[in-house]
Amino acid sequence: MSQFAVIIPAAGQSSRFGGAEKKPFVALDGRPVWLRSAETFWGRDDVSKVYIVVAPEDRDDFRARFGHHLAFTNAELVEGGSERFESVANALARVPESVPLVAVHDAVRPLVTPALINAVVQSAAEHGAAMLAVPVADTLKQVEPTTNRITGTVPRAGVWQAQTPQVFRRDWLAEAYAARGRLTVPITDDAQLIEALGHAVVVVPGSPLNFKITTRDDLELADAVLKARAARRREYQPAARPFDDEGQW
């Protein structure tokens, strides 16, 4: 597996989440959401460093509350910008040129699995750019925003819902960010920047469970998924027997 760096933006305003605390910092089954996203990466031998990007106004509070989680990891705290792309650019500037691949993963997508990470990193190493995504299963409607009236039905054939991590050659991502000021269309993810350079981005099938926490309902659903996974692990873990270990008795 190729070595890669990981950028985890956690500097957003969480305007749709509600409440006094931003969604990356709320507890999910006893651990902050951002930590559940980050720890999947920083225990891997193929990760050079994990860059956690937080807003300037959150930096001191983050260090006070969560700094101990970073003490014995290969993680680094980075100050974010006013927009997500500024935050990613700030972290990207810290990634050494010797690191071949960079993964960008949402801080509020805490249910990604090692198997999904393996698949998308392997694809990026082969093709230069890859991202997780899932085919759209529901019917899509175009809606007029002021009246909420349907104005059309969007064909869903060939339409996929983007997920993260999105993984790119470091030099391609650096080039894309250097050129982003020349783009005249709204950019909603890093893959779109790579596409604008003319590079193909390969889609790797993700999982519906690798969803992004946007609302309180999403947080409740993520909590249920974690509890179900824990129950499944307990179910398949064999019970200890008295004479399993030689010389125990």
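**Entry 1: helix α7**

I began with the side of helix α7 turned away from its buried residues, and there I found Asp217, Glu220, Arg234 and Glu235, which are exposed. I note at once that I am reading a predicted model. Which residues of α7 are buried? I listed Asp218, Leu219, Ala222, Val225, Leu226, Arg229 and Ala230. Looking down the axis of α7, I saw these buried residues fall within an arc of 135°, so they line one face of the helix. This fits the general rule that an α-helix has 3.6 residues a turn, so residues three or four places apart point the same way. For the cover over the buried residues of α7, I noted that it includes β2 (27-28) and α1. I then checked the length: α7 covers residues 216-236, and its 21 residues should span 30 Å at 1.5 Å a residue, which agrees with the 31 Å between its end C-alpha atoms.

**Entry 2: helix α2**

I made the same check on α2, whose 12 residues place the end C-alpha atoms only 13 Å apart, short of the 16 Å that a straight helix would reach at 1.5 Å a residue. The buried residues of α2 are Phe62, Phe66 and Leu70, and seen down the axis of α2 they fall within an arc of 85°, so they too line one face of the helix. On the other side of α2 I found Asp60, Ala64 and His68 exposed. The cover over the buried residues of α2 includes β3 (31-32), α1, β4 and β5.

**Entry 3: aromatic rings**

I next turned to the aromatic side chains, and the structure holds seven aromatic pairs. In one of them, the rings of Trp34 and Phe62 have centres 4.9 Å apart and planes at 50°, so I recorded the pair as tilted. Where do the two partners lie? Trp34 is in helix α1 (residues 33-42) and Phe62 in helix α2 (residues 59-70), so that the pair links parts of the chain 28 residues apart. Both Trp34 and Phe62 are buried.

The pair of Phe85 and Tyr177 is also tilted, at 6.2 Å centre to centre and with 50° between the planes. Since Phe85 belongs to helix α3 (residues 84-92) and Tyr177 to helix α5 (residues 170-179), this pair ties together parts that are 92 residues apart in sequence. Phe85 and Tyr177 are both buried. I also saw that the charged end of Arg84 sits over the ring of Phe85, 5.9 Å from its centre. Going back to Trp34 and Phe62, I found that they belong to one aromatic cluster, which Phe25, Trp42 and Phe66 complete.

**Entry 4: strands**

How is strand β6 (residues 101-104) covered? I found both of its faces covered, with Leu101 and Ala103 buried on one side and Val102 and Val104 buried on the other. As a general matter, side chains in a regular strand alternate between the two faces of the sheet. Strand β1 (residues 4-10) runs parallel to β6 and is joined to β6 by four bridges, among which I noted Val6 with its partner Ala103. Strand β10 (residues 160-169) runs antiparallel to β6, again with four bridges, and here Val102 stands opposite Phe168.

Following β1 to another neighbour, I found that β1 and β4 pair in the parallel sense over six bridges, with Phe4 opposite Val47. Strand β4 (residues 47-54) is mostly covered, as six of its eight residues are buried. β4 also pairs with strand β5 (residues 75-79), in the parallel sense and over five bridges, and in this pairing Tyr51 stands opposite Glu76.

**Entry 5: Val204**

Last, I looked up a single residue, Val204, which is found in strand β11 (residues 202-205). Is Val204 buried or exposed? Its relative accessibility is 9%, and because buried means under 20%, Val204 counts as buried. Leaving aside neighbours within four places in sequence, I listed its contacts as Ala119, Val120, Ser123, Ala130, Met131, Leu132 and Ala133. I also recorded the separation of Val204 and Ala137, which is 67 residues in sequence and 16 Å in space, C-alpha to C-alpha.

Conventions. Residues are numbered from 1 along each chain as its sequence is written. This is a predicted model: local features need pLDDT of at least 70, side-chain atom pairs count only at pLDDT 80 or more; totals for chains, interfaces and linings use all residues. Side-chain values use heavy atoms; hydrogens and water are left out. Rings of Phe, Tyr and Trp (its six-membered ring) pair if their centres lie within 6.5 Å; planes under 30 degrees apart count as stacked, over 60 as edge-to-face and the rest as tilted. Helices (H or I, at least four residues) and strands (E, at least two) are DSSP runs, numbered from the N terminus. Buried means under 20% relative accessible area, exposed over 50%, partly exposed in between (1.4 Å probe, protein chains only). A charge sits over a ring if NZ of Lys or CZ of Arg is within 6 Å of the ring centre and within 35 degrees of the ring normal. Two strands pair if DSSP finds at least two bridges between them. The expected span of a helix is 1.5 Å times one less than its number of residues. The arc is that of the directions from the helix axis to the C-beta atoms. Contact means heavy atoms within 4.5 Å.
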